[in-house]
Amino acid sequence: MEINPTFVTVAGARIELMRRGKGRPLLFLHPHIGMERAGNLIDSLAGHWQVLAPSHPGYGESERPKGVTSVDDVAYLYLELLDQLDLRGVVLVGSSLGAWIALSMAVKSSERLSRMVLIDPVGVKFGPRERSDIADIYAISEKKFIELAYHDPAMAQRDYPALSDGELTVIARNSETTARYAWNPYMYDPRLRHLLYRVGLPTLVLWGASDRFAPMAYGRNYADAITGASLQDIAKAGHFPHIEQPQATAEAITAFGDAAVATRQKECA
Amino acid sequence: MRVFHFSEQPYPPAWLPELKSLRVDLPSRYLDPKIMADLYERYVDEWILADQLGFDVMVNEHHASATCVSSVAGVTLSILARVTKRARILTLGYPIGNRLDPVRVAEELAMIDVISRGRLEMGFVRGVPTEIPVSVRSAVTQVDRFWEAHDLILKALTSIDGPFDWQGEHFQYRNVNVWPRCYQEPHPPVWITGRSPGNVREIAEKGYVLGTFLSGYQTREIFDNYRNARLELGLTPAGPDRFSYLGLVAIAENRKEAERRAKTMMKWLNSVPLVSEPFGAPPGYFSVKDAARMLRAKGGMKAKTKDGKIVDSLHGTLPELIDAGIMFCGTPDDVYHQLADFSEGVGGLGNFLSMAHAADLSHEETVDQITLFGKHVLPRLQQAGAAQAVAAA
């Protein structure tokens, strides 16, 4: 898919924003690997939705304002973006670190949101203190990460020497920014667990059935901790169902997102 | 020229050929504390001998490593402060961008300065990439933290009129009031390691001693950046005492024996890259530009020889390492001439950090090296340094 991002200025930062399709708004928040191979999901969703897919501050070509140093800060920046674009009834979709940002937004304000889909989220600590809930990307090789994070590791291989300078720069930038936001505490915000009562949105937790990077047993905690949330698996996908099963992921999102309309119509009737 | 005897305090029995990682993730069950106790004792004995022979002494710090079991430089410094009599005691250094509590650093350094009756030389380092995985904080803001910690430590060491508050970007304190105050006025001399022009300029502006390690003859460019920065800033020109360089020393009565010792010590150079893959280049340590380049092709450490040839600093042959000024090797006369050449080549070196022990070089060999250097090389270097100072005056 051809990616033609536009840029918007939010909180003084130039943010790369992909906009595709027409219809009700859906904000897609990418994982720590950035927008890499997210195109198929965006394509599938664009048939139904007005998809907005920003690169987080410090990722892709997006600037990072000096004061943005945490997922919490990114969440405020995206709430500002929704205000700025005056969007309402937004379906909020996040993958992995993007789902962490989504959760962080939802506990602050759901005024402009209608439903939330968390795809293999990170961001909340549930397990014992002696062990990370999520495999440590800073302590495993890239090969091992791919084995854990993908149902089909073959589709995740990068041929570094063949990549352009621009592509390598984006990979290096994404990696540095992830370390800035998620190095320690590793991939979570200690406060977030105690704020989950603030999630007032119908929430669907999608989980790649083959995810061994953040296993489904960890994912079940999200469904248990968020009132009314349900957990649904995506077959033949690892930590990034939007990459490995874009069609099935888009269908699950759309079915859940459309249910929001049905609910609202019922409420109005 | 001042010469500092240095050992990394390694634990060589754990350098097993089957181990691909000697740091960060090597389990400590590979270390026998009874053997380590003997090693710590002998390393201190070697520093005592160096002190007696007119050397100054240097210690460093690494974490979770078999190649340097000095996880708290302050512990060794404290011992040396008490058991040496006259040597300057240098740490190069404290990794203050990784330390969580700079005020505690100031307290440690102040105590050591007083116990040694003012012999501390206070070196600060950013630390190598493999220190990051064992640090609480990431590499991303490490340089900013380094300089804020530096500012706070210096203020803490020089404030003698009661408590102050610190509300910085990375560190926040109330009632900073370090006891004891420093023995040296206003504080122990500061050393900082640096290589990039920007960093060297900052060190030059402050007039600190610049530390360089194993950078061979391109050290000239690094020192020139310092010298030029001083001139550009309208500051007093930098003399040789503002520069230091760390090299390996293999010295013996005859060249054959010196070369045998050098080959033993080269095992340390070879061991430097031995670390599990994810720990070698933590995100944020290198600039985005360099990190992107390294994704395509891993670099490796290179050094320039006197004649401008590029050699592999870690896996070069012995003659290459000698030509590059990474290894100083031969009879006392050879080593003197190599060092005098090197000093001339870099435009005047005031402080040589002599790594005369590395890998599994034995105590007897190390003692012999320190003794030969101390008796036959050190006096000549000191004389040459004095002559240089007279010539400059």
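Select strand 7 and strand 8 (residues 209-213) of chain B: these two strands run parallel and are joined by three bridges. Please bear in mind throughout the tour that the model is predicted.

Next, display W191(B), which stands opposite V209(B) in strand 8 of chain B. On strand 7 of chain B, W191(B) is also the bridge partner of G123(B). To follow that second pairing, add strand 4 (residues 120-124) of chain B to the selection; three bridges join it to strand 7 (residues 190-193) of chain B, and the two strands run parallel.

Now add helix 5 of chain B. Together with strand 7 and strand 8 of chain B, this helix makes a right-handed β-α-β unit.

Keep helix 5 (residues 197-206) of chain B in view and select helix 6 (residues 219-232) of chain B. Their axes come within 8 Å and cross at roughly 50°. Angles from 35 to 65 degrees are neither roughly parallel nor roughly perpendicular, so helix 5 of chain B is oblique to helix 6 of chain B. The crossing of these two helices is right-handed.

Which residues of helix 5 of chain B meet helix 6 of chain B? Show P197(B), V200(B), R201(B), I203(B), A204(B) and E205(B) in helix 5; they meet I222(B), N225(B), Y226(B), A229(B) and R230(B) in helix 6. The residues of this contact divide into seven nonpolar, one polar and three charged.

Finally, display both chains. Here 19 residues of chain A are in contact with 16 residues of chain B. The side of chain A that touches chain B has ten nonpolar, five polar and four charged residues.

Key. Residues numbered from 1 in each chain as written. Chains lettered and ligands numbered in written order. Predicted model: local features only at pLDDT ≥ 70, side-chain atom pairs only at ≥ 80, totals over all residues. Axes fitted to C-alpha atoms, helices over the stretch in contact; angles between N-to-C directions. Helix = DSSP H or I, 4+ residues; strand = E, 2+ residues; numbered from the N terminus. Parallel < 35°, antiparallel > 145°, perpendicular 65-115°, else oblique. Left-handed = near helix turned anticlockwise from the far one by under 90°. Contact = placed C-beta atoms within 7 Å. Nonpolar A, V, L, I, M, F, W, Y, C, P; charged D, E, K, R; others polar. Pairing = 2+ DSSP bridges. Right-handed = clockwise from strand over helix to strand, strands pointing away.
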